[in-house]
Amino acid sequence: MQRSLGVDDLELWLEEGYPQSVRTAYLILGNRLDAEDAVQEAFLRAWKFRHSLSKESSFKPWLYRVVVNTCNSKLRKEVPHRDRRSDEEELENVDVRDNVPDRIALVNDVMSALRDLPAHLRIVVVLRYYADLSEREIAIAIDRKQGTVKSRLNEARRRLALHPALRSEASNKSISEEEVTG
Amino acid sequence: MTMIDEDELSAAIRGAADEFEISKDATDRILGEARKGEPGLLRFRVPEYFRHQSRALQFLSVAAVFIVLAAISIPLFRGEISPTKNKVAVSGSGFRPVTRNSAGLAAKGLSPAPLKAVTGQLGVIVTGSTTQNAAVLSPKIESTGSVDLTVKKGQVNSSLTKLGGLATGDGGFVLSTQANARSHGTGSFSSGTIVLEVPQHLFTKFVSQVQRVGHATSVLTSSSDVTSQYVNLQARIGALNASRQQYLAIMARATSISGILAVQNQLDAIQSQIEQYQGQLNVMNHATTFGTLTVTLVQSGQAQHVTHQRSGLSKAWHDGVDGFIAGFEWLIRLAGPVLFAALFLGFLVVAGRWTRRAVRRRRI
């Protein structure tokens, strides 16, 4: 029988999962504040219903399921009814280190490409290529069949390949690689 | 088909996501909330039973609730849709419905007990005959009738009193009266109905007397001979009485308790049958002792409900209109339960969706 969970366990969850969850939510929602809101709500929700964790095989997809559900809820209820902040405003929050223009361009391109994907495709892409979940884990997280996940991933990759922002990003990269080798 | 390279895509997304710092305060806020206790995120708690059931079981549970509710509501609707059944059962007599002015009268014809006393509006009390030793061979006739009278304006009340007086004068009594005022505050009645019981042998004469009270617009009488049923009942009672006597003789000789009990059982059954037949006999006795006459009074100048004998196209036209109205009434009557069922189903669908959504969220 599973031991009862205490606040220390929540602290552990936060240490291990909070940063990645916020970034996942950010990629899904496209907004930093919404992402932080969603993840806080998701962790509190997960904590409240921690008893259901015993029925899940793994913690990671269970937690992402909460995060995805909360993001979906926000996308459905709040985000469409609010003026979205401009990309420029978003970029003010970007941590500036080296290669600022390149990094800003990268963030812009990726976020633009993700934003143009429908939410159901965006979620699987983010869970697969950022959160690094397997197809089976994604299926648990979004409560769909594994085949559905597979087809959504294929569709998302096909659409991203055609997106002008990522195509330009790829061509820039290939040019810079040629320069290095040349 | 063009597909983006997975590694490139992963690197790009990671690069974009890793570009901002994570707020350190957020985790403290979450921990603070968690320490406060249960966050009130969801006010609706799905019962444990539903939370861990499969969708099929949830559906079955909802279906079971629906069936139980339907089982409760359908008899209620049936009761509303066909109220005339109850009315007929309550009125009990073959005459047009009248307002009884004595509670005991409502049971006339239904209770096997003899009518001991009947009180009318005029305060007449008559004791009904319960004689069993009446002449068996004399014919037993049940007579009923109705008379529609038109009386002068303002004479409805006095005519009702006069009719009551005629009945009591002949040894009968008033079974019920009903007087209707045309408008409030006039002080007089514009129409009325009186049900009279008069001795059988005076029934025909009484009908003639009644017709003289006003102008008769309709007279209808009918009689039926129930002698054979009467004799039959008497014979059955006689046979049962004979059996009863024999059992009593056997009981007198019985020595064991089991024997006495067995005989007593038989006696009880026979006694019950005798009482049942006796009750029927008493009712029949009353019906053949008194004839029932319903008199409807309307003051002159008031429109009467006259039924014309129609034929041909007129009859077909009126039948068609009646049929149309009846169909319309039927539709309106049906609309109530259908609307209820639709609303109920709608509620179930909405509740089902809401529950399903809540359950899915709670499963997380």
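## Helix 8 of chain B

In this predicted model, the cover over the buried residues of helix 8 of chain B includes strand 6 (215-225) and helix 9 (257-289) of chain B. The buried residues of helix 8 are T227(B), Y230(B), L233(B), Q234(B), I237(B) and L240(B).

Helix 8 of chain B runs over residues 227-253 and has 27 residues. At 1.5 Å a residue, a span of 39 Å is expected, and the C-alpha atoms at the two ends are 40 Å apart, which agrees.

## Helix 2 of chain B

Helix 2 of chain B takes in residues 24-36, 13 residues in total. The expected span at 1.5 Å a residue is 18 Å; the end C-alpha atoms lie 19 Å apart, in agreement with that value.

A26(B), T27(B), I30(B), L31(B) and A34(B) are the buried residues of this helix. Around the axis they cover an arc of only 135 degrees, so they sit on the same side of helix 2 of chain B. K24(B), R35(B) and K36(B), on the other side of the helix, are exposed. Chain A contributes to the cover: helix 1 (7-29) and helix 2 (32-48) of chain A are included in what covers the buried residues of helix 2 of chain B.

## Helix packing within chain A

Helix 1 of chain A also packs with helix 6 (residues 119-129) of chain A. Their axes are 9 Å apart, at an angle of about 150 degrees. Angles over 145 degrees count as roughly antiparallel, and the two helices of chain A are therefore roughly antiparallel to each other. The crossing of helix 1 of chain A past helix 6 of chain A is right-handed.

On the helix 1 side, T24(A), L27(A) and I28(A) take part in the contact; they meet R122(A), I123(A), V126(A) and L127(A) of helix 6 in chain A.

## Two residues with partners distant in sequence

Q58(B) is placed in helix 4 (residues 55-81) of chain B. Its relative accessible area is 12%, and residues under 20% count as buried, so Q58(B) is buried. T355(B) is 297 residues from Q58(B) in sequence, yet the two are 9.7 Å apart in space, C-alpha to C-alpha.

D143(A) belongs to the loop between helix 7 (135-142) and helix 8 (146-162) of chain A. With 30% relative accessibility, D143(A) counts as partly exposed. Between D143(A) and R65(A) the C-alpha to C-alpha distance is 7.9 Å, at a separation of 78 residues in sequence.

Notes:
Residues are numbered from 1 along each chain as its sequence is written. Chains are lettered from A and ligands numbered from 1 in the order in which they are written. This is a predicted model: local features need pLDDT of at least 70, side-chain atom pairs count only at pLDDT 80 or more; totals for chains, interfaces and linings use all residues. Side-chain values use heavy atoms; hydrogens and water are left out. Helices (H or I, at least four residues) and strands (E, at least two) are DSSP runs, numbered from the N terminus. The expected span of a helix is 1.5 Å times one less than its number of residues. Buried means under 20% relative accessible area, exposed over 50%, partly exposed in between (1.4 Å probe, protein chains only). The arc is that of the directions from the helix axis to the C-beta atoms. Contact means heavy atoms within 4.5 Å. Axes are lines fitted to C-alpha atoms, for helices over the stretch in contact, and angles run from 0 to 180 degrees between N-to-C directions. Angles under 35 degrees count as roughly parallel, over 145 as roughly antiparallel, 65 to 115 as roughly perpendicular and the rest as oblique. A crossing is left-handed if the near helix is turned anticlockwise from the far one by less than a right angle, and right-handed if clockwise.
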